[in-house]
Amino acid sequence: MLYNLIGNAIKFTTEGGYIHVYAKKVLNNIEIEVKDSGIGIHPDDQKDLFEPFTQVDSALTRNYDGSGLGLAIVKKYVEMHRGSIRVESETGKGSSFVFEIPL
């Protein structure tokens, strides 16, 4: 899960940007956040982000490689651990992916 989220943060963050990983205990859960200063995700594109084979940029204008499976797999793994995942993002201002799983 972290491998994919950090890999995406690296892929979508330009040189000079930042990537932070945070972890904290919340009640009986662990919450992990991967936050970056990358390109961000438009709100209209966030609703389908965790669907298989979904990518934000179209095939005709694609600037980033990938199959569109990474986030769907992360979501599946998080759910297999009885957890949840969410994204907070603004175009041009970076993204924050947060998942929470029971300890």
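This is a short selection tour through a predicted model, going from a hairpin to a surface patch and then to the core.

**Stop 1: the hairpin.** Start by selecting residues 29–36, which make up strand β2. Strand β2 pairs with β1 in the antiparallel sense, over eight bridges. Now add β1, residues 19–26, and look at the turn: two residues separate the strands of this hairpin. Click on Leu27 there, and you will find a positive phi of about 55°. For a cross-strand pair, show His20 and look across to Lys35 in β2, which stands opposite.

**Stop 2: the surface patch.** Next, select Leu2, Ile10, Ile19 and Val21 and switch on a surface. Together these residues form a nonpolar patch with about 310 Å² of accessible area. Two elements, α1 (2–12) and β1, each give two or more residues to the patch. Pause on Val21, which sits in strand β1. Is Val21 buried or exposed? The answer lies in between: Val21 is partly exposed, because its relative accessible area of 45% falls between the 20% limit for buried and the 50% limit for exposed.

**Stop 3: the core.** Hide the surface and head inside. The largest nonpolar core has 15 residues, and the members that touch the most others are Leu5, Leu49, Phe50, Phe97 and Phe99. At least two core residues come from each of α1, β2, α3 (70–80), β3 (84–89) and β4 (95–102). Finish by centring on Leu5 and showing its neighbours: leaving aside residues up to four places away in sequence, Leu5 touches Val34, Leu71, Val74, Phe97 and Phe99. As a general backdrop, nonpolar side chains in soluble globular proteins tend to be buried together.

How values were computed:
Residues numbered from 1 in each chain as written. Predicted model: local features only at pLDDT ≥ 70, side-chain atom pairs only at ≥ 80, totals over all residues. Heavy atoms only, no water. Patch = residues over 30% accessible without salt bridge, like charges linked within 9 Å, V, L, I, M, F, W, Y side chains within 5 Å. Areas by Shrake-Rupley, 256 points an atom, 1.4 Å probe, with all protein chains shown as cover. Salt bridge = Lys/Arg side-chain N within 4 Å of Asp/Glu carboxyl O. Helix = DSSP H or I, 4+ residues; strand = E, 2+ residues; numbered from the N terminus. Buried < 20%, exposed > 50% of the residue type's maximum accessible area, 1.4 Å probe, protein only. Pairing = 2+ DSSP bridges. Core = buried A, V, L, I, M, F, W, Y, C linked by side-chain atoms within 4.5 Å. Contact = heavy atoms within 4.5 Å.
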